Each structure stands twice: as C-alpha cells, then as structure tokens.
Amino acid sequence: MVILSEGNSKIFEIDNDLFEEVKNYLKNLTKEKSKTFSYIDESGDKIIVVGDDEYVVPASDDVKAILSAKKDDFLDEDEVKRLLDV
C-alpha cells in the first residue's frame with residue numbers, strides 16, 4: 001500500500017515479516033534494471049541499496065558527531081574484537 005507519494009518517491013508500508021523478502025526482491029530487480037532503491041531502517045537511517053551493497057547516508061547529527069570526535073573516540077577492528085572477546 002502506498003501511504004505517501006512525493007514527486008517520483010513513494011513510501012510503502014511493509015509488514016516486518018515480509019521486509020527481508022521484499023528487500024531481496026527489490027535488490028534483484030534493481031540489479032536487472034541497473035537502478036537503485038532506498039529505505040529508512042529501524043533506527044531512522046536512510047539506506048541506499050546498489051546491487052548487493054547497502055550504504056548508510058549519515059544524518060546531519062551523525063556528521064556533526066563524527067566531525068567533532070577525536071581520534072581516541074574511535075576503535076579499530078582489533079580493539080572491538082578484544083572488547084567483545086571474539
């Protein structure tokens with residue numbers, strides 16, 4: 001069901017149980033047609049899907065936080081694994 005249409009963009013309401021299935025269908029369709037699609041995930045981030053790849057478009061608050069962060073605020077992969085005991 002289309003719940004909002006603005007220009008060429010349309011927003012659909014999809015049951016959570018069907019979401020992965022619909023997303024996989026759209027991925028296959030976009031690969032076949034050489035197109036992209038996007039969706040808003042559960043945390044409110046916009047995700048752009050290009051083939052099998054998904055890219056997070058950072059919100060302005062995310063960009064501000066990243067720009068104001070110091071190098072010590074970030075962890076590399078090895079540090080994360082050590083903290084998670086993986």
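The legends below describe close-up views of a predicted model.

**View 1. Confidence of the predicted model along the protein chain.** The protein chain has an average pLDDT of 84, and 93% of the residues score at least 70. Among the elements of the chain, helix 3 has the highest mean pLDDT, at 93, whereas strand 1, which covers residues 2-6, has the lowest, at 56.

**View 2. The open sheet of three strands.** The strands follow the order 3-4-5 and their pairing is antiparallel, with strand 3 (37-40) and strand 5 (53-57) forming the edges, each of them pairing on one side only. On average, neighbouring strands of this sheet are turned by 25° against each other, with direction ignored. In general, the strands of a sheet pair through backbone hydrogen bonds, in either a parallel or an antiparallel manner.

**View 3. The hairpin of strand 4 and strand 5.** Strand 4, made of residues 46-50, is joined to strand 5 by five bridges, and the two strands run antiparallel. Within strand 5, Tyr55 is the bridge partner of Ile48, while Asp53 is the bridge partner of Val50. Two residues lie between the strands of this hairpin, where Gly51 takes a positive phi near 65°.

**View 4. Helix 1 against the sheet strands.** Helix 1, which spans residues 19-33, lies across strand 3, strand 4 and strand 5, and the helix runs at about 160° to strand 3. The strands that helix 1 lies across are those of the open sheet with the order 3-4-5.

**View 5. A salt bridge within helix 1, formed by Lys23 and Glu20.** The closest N and O atoms of Lys23 and Glu20 are 3.6 Å apart in this salt bridge. Both residues belong to helix 1, where they are separated by three residues, or about one turn of the helix. A search of the whole structure finds five salt bridges.

**View 6. A nonpolar surface patch that includes Leu75.** Leu75, Val80, Leu83, Leu84 and Val86 together make this patch on the surface, which has an area of about 520 Å². Leu75 is located in the loop that lies between helix 2 (60-68) and helix 3 (77-84). Helix 3, at one end of that loop, is the element with the highest mean pLDDT in the chain.

Conventions
Residues numbered from 1 in each chain as written. Predicted model: local features only at pLDDT ≥ 70, side-chain atom pairs only at ≥ 80, totals over all residues. Heavy atoms only, no water. Pairing = 2+ DSSP bridges. Helix = DSSP H or I, 4+ residues; strand = E, 2+ residues; numbered from the N terminus. Axes fitted to C-alpha atoms, helices over the stretch in contact; angles between N-to-C directions. Contact = heavy atoms within 4.5 Å. Patch = residues over 30% accessible without salt bridge, like charges linked within 9 Å, V, L, I, M, F, W, Y side chains within 5 Å. Areas by Shrake-Rupley, 256 points an atom, 1.4 Å probe, with all protein chains shown as cover. Salt bridge = Lys/Arg side-chain N within 4 Å of Asp/Glu carboxyl O. pLDDT = per-residue confidence, 0-100.
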